[in-house]
Amino acid sequence: MSDEKKVQRRDFIFTASYALGAVGVGAAVWPLIDQMNPDRSVKALASTEVDISSLEPGKSITVLWRGKPVFIKRRTPEEIAEARDVSVENLPHPEKDEDRAKNPEWLVMLGICTHLGCVPLGDKGEYNGWFCPCHGSHYDTSGRIRKGPAPKNLEIPKYEFVNSNTIKIG
Amino acid sequence: MSNHNYVPSSKLGKWFNDRLPLLTLSAHLKEYPTPKNLNYWWTFGGILTFCLITQIITGVVLGMHYVAHADFAFDSVEHIMRDVNYGWLIRYVHANGASMFFLAVYIHIFRALYYGSYKSPREVIWIIGMIIYLLMMMTAFMGYVLPWGQMSFWGATVITNLFSAIPFFGEGITNWLWGGYAVDKPTLTRFFSLHYLLPFLILGLVILHIWALHVPGNNNPIGIELKKPSKDTVPFHPYIVIKDLFALLLFLIVFAFFVFYSPNILGHSDNYIEANPMVTPAHIVPEWYLLPFYAILRSVPDKLLGVVAMFASIFILVVLPWLDTSKIRSAIFRPIYKQLYWILVLDVIILGYMGAMPAEGTYLLIARAATAYYFIHFLIILPILGKKEKTLPVPPNITDPVLGGSSNPQMVKKKEKYI
Ligand code: HEM
Ligand code: FES
């Protein structure tokens, strides 16, 4: 045999069998990984309907949707004014209140701090909105992050008004 | 390694040993030459083994009565406490046993830091130890979720949300960990499965840890390489065995004090309230043994960087053998390192305290300073100090300076320090 490196038939067979082996291992491992993802029964709980007829202005309720708390807040005119009277460019996560609350009286958002997932407390904090006790994030009356470690505004889920008394989340 | 040519005395023993040399192994363990100047800080390896076995035995027993379902878990733990014969005892031993396990592992780790046990040729022992420590933290974290109280639930929420800081994949990863869109039923069952599994992985790693230890042999308080066996060593059995057992006895007194007199002092009363996904307790804190890392996490105002800093503070320990450039192992001969060591101990204790306090005002400032110092110690001071420090003369062996035969009179004066 000569010393010079030549691609031989055997090299091809080695590479091909490694590649095939890798595909086989991957195919066997993927079900073991994917089984941990949200299953069909969890995904099926996709929407919740909430009766909001008894909610007074200034009050809020918390409902559970897909295991997560959702805040539904009926805002007072002052709170709406406060939320809209902010120069958006200076916010950590710039979003207009108009884009967050289609119907200004009703603010619907996930009650999950965007920092590490605690449930913020209502009517608290330096911006009269929500305050997260876990690591001190302050949210304003539009649920936008103003101060503290959380990087984003409270998330707005998909929702619609089924009629004037009912909100469908999801 | 000694005794590869050990021959059992009985015929049956010889027959068996030729087929599976377990008797050779046990002879090696008995005669394993150990430095004769080991102090009580060296007894924590044995204590840790005891803790692991205790957790496994009590854990398997708890698993016979515990129900890993979000609707029943909380009640089943109360059932263990009230109805199961000695259930209260077994659960209190398991819950406090986790704390005692961490107490022992922290002493064990700080022992290694003081005497330079992580240095060549013991880097692999050290790294396996760090993997064990990481697995211990994961195991304890998942165990704490099992009783499904308020602290269980919100601790699990905050810790799993750490992964949401990862750019792009964060949300996918957290949903994958939870098996849903929040910590919920699927999370509990998988945590139980893993909480059962990991201690056995730890057991396997402990065996590797000890195997790796038996290649170079123990480090010792004066940190010098020894001839083994020699007049500087004693056989493991009975000398070290008895000393380890005596230390274990003292340790058990502390353990029993917690179990019988203040079984809940290390826990948090909120965990006796069933998990409620709608309400976060006003003040959530992890178990005491995770507090220093929690303080580091919170002292960084940016979410992703906070998480990075927290993981970095652990990873830094893994690469410590290459950060500490000093060739001298023991702090006894490193006058400056010795003082910095105690400052580091204080720094970690301060971090732990700050982790338990609210992250605001002065607390936050102190936590930030302590976090900065932690990284400075490992990343800046240690690499430079190892090159600059004027170390004290190291004795040639253990025995001669003690008996006065040292070629180095300075060491004779200080002999009480290293025997
Ligand atoms: C590395 C070893 C282990 C550590 C550090 C550890 C730690 C913990 C901790 C901190 C808790 C929460 C205690 C409480 O507040 O109630 C717990 C609970 C539990 N552990 Fe472990 N554990 C270990 C091994 C095991 C093993 C091997 C099993 C076997 C199945 C097990 C089964 C359980 C069960 C069923 C519970 C729930 C009952 C309870 O909360 O008391 N553990 N563990
Ligand atoms: S989880 Fe809200 S501030 Fe950290």
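## Overall form of chain B

The secondary structure of chain B consists of 17 helices and two strands. With 419 residues, chain B has a radius of gyration of 24 Å, close to the 22 Å given by the globule rule, so the chain is as compact as a globular protein of that length. The model described here is predicted.

Along its principal axes, the C-alpha atoms of chain B fill a box of roughly 75 × 60 × 45 Å. Of the 419 residues in the chain, 53% count as buried. The accessible surface of chain B is about 20200 Å², and 72% of this surface belongs to carbon and sulfur atoms. Contacts across the sequence also deserve attention: among those in chain B between residues at least 6 apart in sequence, 77% join residues at least 24 apart.

## The surroundings of ligand 1

There are 24 residues around ligand 1, and those that come nearest are B:R91, B:H94, B:P147, B:H195 and B:Y196. Three of these residues are considered here through their side chains. A polar side-chain atom of B:R91 is found 2.7 Å from an oxygen atom of ligand 1. In the case of B:H94, an N or O atom of the side chain is 2.7 Å from a nitrogen atom of the ligand. For B:H195, a polar side-chain atom lies 2.8 Å from a nitrogen atom of ligand 1.

Four elements of chain B give two or more residues each to the shell around ligand 1, namely α3 (44-65), α5 (87-115), α6 (123-145) and α9 (185-214). The helix that gives the most is α3(B), with six residues. By chemical character, the shell residues divide into 16 nonpolar, seven polar and one charged.

## A buried threonine in chain A

Residue A:T141 is placed in the loop between β7 (137-139) and β8 (145-147) of chain A. Its relative accessible area is 4%. Because a residue counts as buried when this value is under 20%, A:T141 is classed as buried.

The side chain of A:T141 reaches two backbone atoms. One is the backbone oxygen of A:E79, at 3.1 Å, and another is the backbone nitrogen of A:A83, at 3.4 Å. Both A:E79 and A:A83 also appear among the contacts of A:T141 when neighbours within four places in sequence are left aside. The other residues in contact with A:T141 on this basis are A:R75, A:E82, A:L107, A:Y127, A:N128, A:G129 and A:W130.

## A partly exposed leucine in chain B

Residue B:L23 belongs to helix α2 (residues 22-31) of chain B. With a relative accessible area of 30%, B:L23 is partly exposed. Apart from its neighbours within four places in sequence, B:L23 is in contact with B:Y6, B:P8, B:G13 and B:N17.

Distance in space may be set beside distance in sequence for this residue. B:L23 and B:H69 are 46 residues apart along the chain, and their C-alpha atoms are separated by 45 Å.

## Unusual backbone geometry

Most peptide bonds are trans, and most residues other than glycine have a negative phi. Chain B contains exceptions of both kinds, beginning with the peptide bonds. B:S120 and B:P121 are joined by a cis peptide bond, with omega about 5°, and B:P121 lies in the loop between α5 and α6. Another cis peptide bond joins B:H237 and B:P238, where omega is about 5°. In this case the proline, B:P238, lies in helix α10 (residues 236-261).

Positive phi values are found at B:Y86 and B:W148. Which value does phi take at B:Y86? Phi of B:Y86 is near 60°, a positive value in a residue other than glycine. B:Y86 is located in the loop between α4 (73-82) and α5 of chain B, and its relative accessible area of 57% makes it exposed. At B:W148, phi is near 55°, likewise positive in a residue other than glycine. B:W148 lies in the loop between α6 and α7 (150-161). Is B:W148 buried or exposed? B:W148 is buried, with a relative accessible area of 5%.

Definitions and conventions
Residues are numbered from 1 along each chain as its sequence is written. Chains are lettered from A and ligands numbered from 1 in the order in which they are written. This is a predicted model: local features need pLDDT of at least 70, side-chain atom pairs count only at pLDDT 80 or more; totals for chains, interfaces and linings use all residues. Side-chain values use heavy atoms; hydrogens and water are left out. A residue is near a molecule or strand if one of its heavy atoms lies within 4 Å of it. A polar contact is a pair of N or O atoms within 3.5 Å; within protein, one must be able to donate a hydrogen and the other to accept it, and residues adjacent in sequence count only if both atoms are side-chain atoms. Ala, Val, Leu, Ile, Met, Phe, Trp, Tyr, Cys and Pro count as nonpolar, Asp, Glu, Lys and Arg as charged, and the others, Gly among them, as polar. The radius of gyration is taken over C-alpha atoms; the globule rule is 2.2 Å times the number of residues to the power 0.38. Buried means under 20% relative accessible area, exposed over 50%, partly exposed in between (1.4 Å probe, protein chains only). Contact means heavy atoms within 4.5 Å. Accessible areas come from the Shrake-Rupley method with a 1.4 Å probe; for residues, only the protein chains shown count as cover.
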